[in-house]
Amino acid sequence: MIPGSAVYHVVEAMVPLYTAAVLGYVSVRWLRAFSGEQCAGINHFVALYAVPVLIFHTISTNDPYSMNGRLVAADTLQKAIILAILMAWALWSHCYGRRGGGDDRKGVTATAPLKWVVTAFSVAVLPNTIVMGVPLLNGMYGAVSGGLMKQIVVMQFCVWYNLVIFLYEFMAARDGGSVKISPEPVAAAENRTGDEDEARESQNNELTEVAEATTAITMEDGSVCVAGVTSTTTESARVPSVMHVVWMAGKKVLHNPNTYASFLGLIWSLIAFKFGIKMPKIIEDSLFIVYTTAVGLSMFSSGTFIARQSRFVPCGYTIASLSMLLKFLVGPVVMLLGSLTIGLHGTLLHIAVVQAALPLAVTSFVYAEEYKVKADIMSTGVILGIFISLPVTIVYYILLGL
């Protein structure tokens, strides 16, 4: 059985998280200390600086030459299976919507299923392995589990979060929106604004010419032709090609600070652990000052988000229940099947399954709030998931030990 000291260490990790979330909730709901714009600024700081520095620190301090290949393969297989199922559903939903005559204006129908794909994928397979996982699994399986948890986090930061960001950027480009996670110099923004004004003026002139042409056609040939010309022109102007959207999203991801942090951390770890190089203390302490704010401010931001909603469970109890089912049942079961397929057994198999039942990573909420995609579900998943995870993981621990 799990020793009482291990449970206490888990509670030690949980209470500070809830403290930050409650403080954020009280600050906005009752004290009115922060406006909505200020709350968005806090979340933007976390997404732009704190999380990338945390990513760099986590990856750069992990030994890439001692990673457990089978555990990484099992974790990758679990995520790939769930992502493939979700993408197949999204494709079917999109095609079905088109056949049903759904409105695809500005890519709204095209991106609606993708929003659910990103949300469900994040809830199901992106756990809070460092803050919650390390103390919990250390008590269950010993100190060896801490290093294994870090390896899973490294893969999440290097591969899966970058994939999630790409999907967010794809949806933003498809919907014609703009994403603010990447910093932009003022001069560049002014130049871009000037270019957009010129492009908008040129487009308005073109639309005016088209309108005049269609009016002439209407006078001579009737009104049916007008509808066809106007619809075709507007639709082609509004919905860009898929390859163009992919290209735009790819460029955005390459300029994203999280991408830079992932690969710079990986490059440093490859060099440092190969030649025994240590990071200078002045740089290490500078990074420490920033990355220690990531988790606390993320939970604080989650609390402020809930405080700005009309009800405590923003997504509703039905969606919240389904997300908990996805997190604590579907994810671990798929991980169990994937691990057995890879050939994991014994303690390694137990660690893989139990870590899959950890609560949703708070970083997922940060990205969801930054891109304005189902942040209500993410915030609920983080808050409720931390509370539910302890008894659920203990149940998995007991079942796997039978």
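This is a guided tour of one predicted protein model, stop by stop.

Before you select anything, note that residues are numbered from 1 along each chain as its sequence is written. Because the model is predicted, local features need pLDDT of at least 70 and side-chain atom pairs count only at pLDDT 80 or more, while totals for chains, interfaces and linings use all residues, and side-chain values use heavy atoms, with hydrogens and water left out.

**The whole chain.** Show the protein chain as a cartoon, and you will find 15 helices and zero strands; helices (H or I, at least four residues) and strands (E, at least two) are DSSP runs, numbered from the N terminus. Of the 402 residues in the chain, 46% are buried, where buried means under 20% relative accessible area, exposed over 50%, and partly exposed in between (1.4 Å probe, protein chains only). Among contacts with a separation of 6 or more, 86% join residues 24 or more positions apart, a contact being heavy atoms within 4.5 Å.

**Helix 2 and the loop after it.** Select I59 in helix 2, which is buried with a relative accessible area of 1%. Leaving aside neighbours within four places in sequence, I59 is in contact with V154, F157, C158, S262, G265, L266 and S269. Now add Q151, which is 92 residues from I59 along the chain, and the two C-alpha atoms prove to be separated by 8.6 Å. Move next to N62, in the loop between helix 2 and helix 3 (69-99), which counts as buried at 6% relative accessibility. With neighbours within four places again left aside, the contacts of N62 include K150, Q151, V154 and S269.

**The second largest pocket.** Select L54, I130, V131, F157 and V295, which of the 23 lining residues lie nearest the centre of this pocket. A pocket is defined on a 1 Å grid over the protein atoms alone, as an open set of points where a 1.4 Å probe fits, with protein on both sides within 12 Å along at least five of seven lines, and lining residues have an atom within 4 Å of a point. The volume is about 350 Å³, counted as the space filled by probe spheres set on the points, which are joined across faces, edges and corners. Colour helix 2 (36-60), helix 5 (129-141), helix 6 (144-174), helix 11 (281-307) and helix 14 (362-371), since each supplies at least two residues of the lining.

**Aromatic pairs.** The structure holds 11 aromatic pairs, where rings of Phe, Tyr and Trp (its six-membered ring) pair if their centres lie within 6.5 Å, and planes under 30 degrees apart count as stacked, over 60 as edge-to-face and the rest as tilted. Select Y168 and Y371, whose ring centres are 4.8 Å apart with planes at 10°, so this pair is stacked. The pair links distant parts of the chain, with Y168 in helix 6 and Y371 in helix 14, 203 residues apart, and both tyrosines are buried. Then select F288 and Y291, whose ring centres are 5.6 Å apart with planes at 90°, so this pair is edge-to-face. These two residues are three apart in helix 11, and are therefore separated by about one helical turn; F288 is partly exposed at 43%, whereas Y291 counts as buried at 15%.

**Last stop.** Finish at S339 in helix 12 (residues 317-342), which is buried at 0% relative accessibility. Not counting residues up to four places away in sequence, S339 touches A74, L344, L349 and A352.
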